[in-house]
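Got your viewer open and your selection tool ready? Let's walk through some charged side chains and then drop in on the ligand.

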Amino acid sequence: MLTDIISLLVQKVKDRTARVSVLGLGRVGLPTALIFSSAGFCVFGIDTDATKVERLSQGRCDIQEPGLYEILTNSQRSHRFQVTTRYDPILETDFVVLCVPTPVHETKPNLESLQSAMAAVKSHAHRGMVMVIESTVPPSTTSGRIVPQLEELGFVMDQDIFVAYCPERLSPAHALKEFAENPRLVGGIGPNSTKLAAALLRTVCKEVLSTDVLTAEVAKLAENTFRDVNIAYANFLALVTEHFGGDVSKVIAMANTHPRVRIHRPGVGVGGPCLTKDPYLLTDGIAEELTELVRVCRRLNDEMPNRLTIRLARLLRDNGISTDSAKIAVLGVSYKPDIDDTSSTPAKQIIENLLKLGVRVCAYDPHTSQTYGADRAQSVEESLRGADAIVLVTAHSSFKSISFETMRSLAKPHCILFDGARVLDPSKAIQAGMMYCGTGFGPVTEPRRYLHEQEHERKPR
Ligand code: SAJ
């Protein structure tokens with residue numbers, strides 16, 4: 001009886017005898033698997049990458065995520081986490097969590113990994129199985145692609161087999177905390193699917209919000225697209241202030257004092273595995289004229305690295321610095337602060353553009369050794385030494401504490417400081433005698449007058 005299956009599964013979740021298989025052990029799947037195993041479930045981690053599985057089985061973890069290594073060690077010690085390249089564990093698991101990547105190829109979704117995982121799930125599907133989909137997917141994927149494949153096998157949805165879309169909302173470097181603390185959306189293909197997936201997630205998430213499957217799919221894409229569009233707007237404001245000669249950070253700070261305005265930060269462009277592709281997943285299959293808004297924003301964000309290099313090349317030229325002999329220090333290569341991930345990082349385009357200009361690029365990033373063809377400095381000092389220009393690409397915490405005096409003493413006397421991430425204080429840099437320029441700022445042609453104006457603004461009236 002249906003009620004028996006559901007009560008049994010709910011009971012198994014309560015007493016932690018439910019078994020969980022997690023497909024895809026990447027930056028989402030591995031934390032997911034380990035969190036469930038820490039909560040007391042027996043978890044099978046399944047990945048097609050034999051090397052990754054081998055390393056994980058030896059207790060080695062390639063994902064830099066605070067606390068992850070510790071729970072991997074504990075889970076393996078307690079024998080509640082096993083890794084394999086085989087799909088057989090699905091046969092004996094109650095919950096199958098899908099965490100495989102869904103990249104885009106030239107703006108079109110590539111669902112090959114999702115399809116392969118589904119083929120494996122299909123050949124091991126059984127009555128009473130609950131599928132929880134975490135991978136980000138184009139709208140309608142669950143009902144249009146996943147459900148029909150299970151129905152083909154003769155299963156009745158929401159009665160024999162249960163399917164729910166439950167998107168992840170983890171920010172790298174905060175995965176464990178955010179998994180527990182961020183509200184979790186659960187959209188089942190029917191009430192039983194929602195109830196069962198929510199029961200599992202409630203064991204590890206503080207707040208679970210039930211909705212329908214399409215709403216959960218679109219909401220996930222809407223969050224990341226909103227962020228991308230908002231950042232594009234901030235970057236657009238940076239271009240406006242560059243044109244008129246203002247300071248975009250001041251403009252946004254002032255605009256954000258309005259109680260209904262929250263503009264994001266401008267910068268060197270948008271990177272990472274999510275914001276760069278989710279707008280394309282959201283608009284997949286939609287009439288072109290309706291997708292214009294998000295495509296324009298995507299393009300604007302993608303063009304930021306090129307705009308930066310064009311401005312920097314002009315600055316070098318205007319200051320009589322020949323690109324043939326110039327050395328440029330690039331600080332930060334990862335796509336965002338304090339992580340090692342370089343996926344779709346704007347730094348790649350910036351470095352490649354600079355190398356094409358013929359300058360010597362010396363990159364330093366305390367979190368990654370990737371340099372995209374630039375020389376790799378072993379320390380921030382080494383990258384700054386003798387530099388004609390310093391480009392701050394990624395606002396790693398350690399970069400914010402480099403003093404302008406250190407920069408001045410190590411770099412060439414005429415050195416240009418280009419604050420792409422806009423995290424440094426222009427007044428302090430100019431006061432220290434640096435030629436400061438940045439996204440949505442400068443160059444300042446009359447430093448004395450600028451400093452005088454800033455001083456005047458700061459004084460309480
Ligand atoms: N960025 C800006 N300005 C800002 C904020 C970010 O230029 O004001 C840039 C960053 O430097 C970076 C890029 O945007 O290059 C993306 O960074 P992010 O922190 O916005 O996003 P991700 O890709 O690390 O994580 C996002 C998060 N989504 C939202 O905040 C809405 C995360 O919660 C999701 O779980 C993740 O995508 C995902 O996996 O979908």
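Start by selecting Glu 453 and Arg 449 and showing their side chains: they meet in a salt bridge, with N and O 3.3 Å apart. Keep in mind that you're looking at a predicted model. Colour helix α18, residues 447-458, and you'll find both partners in it, four residues apart, or about one turn of the helix. Glu 453 has a relative accessible area of 37%, so it's called partly exposed, because that label covers the range between 20% and 50%.

Why do such pairs turn up? Side chains of opposite charge can pair when their charged atoms come close. Searching the whole structure turns up 26 salt bridges, so let's just visit a few more.

**Next stop: Lys 206 and Glu 181**

Select these two and look at the gap between them: the closest N and O atoms of this salt bridge are 3.7 Å apart. Lys 206 sits in the loop between α8 (191-202) and β10 (208-212), while Glu 181 belongs to helix α7, so the pair ties together parts 25 residues apart in sequence. Is Lys 206 buried or exposed? At 68% relative accessibility, Lys 206 counts as exposed, whereas Glu 181, at 38%, is partly exposed. Now add Lys 177 to your selection: salt bridges with shared partners join Lys 177, Glu 181 and Lys 206 into one network.

**Then: Arg 169 and Glu 223**

Here's another salt bridge, between the side chains of Arg 169 and Glu 223, with 2.4 Å from N to O. This one links distant parts of the chain, 54 residues apart: Arg 169 is in the loop between β8 (162-165) and α7 (175-181), and Glu 223 is in helix α9 (residues 213-244). Both come out partly exposed, Arg 169 at 26% relative accessibility and Glu 223 also at 26%.

**Last stop: the ligand**

Stay with Arg 169, but switch to its backbone: an N or O atom there lies 3.4 Å from a ligand oxygen. Select Leu 170 too, where a polar backbone atom is 2.8 Å from an oxygen of the ligand. Over at Gly 271, a backbone N or O atom is 2.9 Å from a ligand oxygen. Try a surface view: on its own the ligand has 760 Å² of accessible area, and the protein covers 88% of that.

Which residues come nearest to the ligand? Out of 19 around it, pick Glu 168, Lys 220, Asn 224, Arg 227 and Tyr 335. Colour the shell by class and you'll get eight charged, seven nonpolar and four polar residues.

Conventions. Residues numbered from 1 in each chain as written. Predicted model: local features only at pLDDT ≥ 70, side-chain atom pairs only at ≥ 80, totals over all residues. Heavy atoms only, no water. Salt bridge = Lys/Arg side-chain N within 4 Å of Asp/Glu carboxyl O. Helix = DSSP H or I, 4+ residues; strand = E, 2+ residues; numbered from the N terminus. Buried < 20%, exposed > 50% of the residue type's maximum accessible area, 1.4 Å probe, protein only. Near = heavy atom within 4 Å. Polar contact = N/O pair within 3.5 Å; in protein donor to acceptor, adjacent residues only side chain to side chain. Areas by Shrake-Rupley, 256 points an atom, 1.4 Å probe, with all protein chains shown as cover. Nonpolar A, V, L, I, M, F, W, Y, C, P; charged D, E, K, R; others polar.
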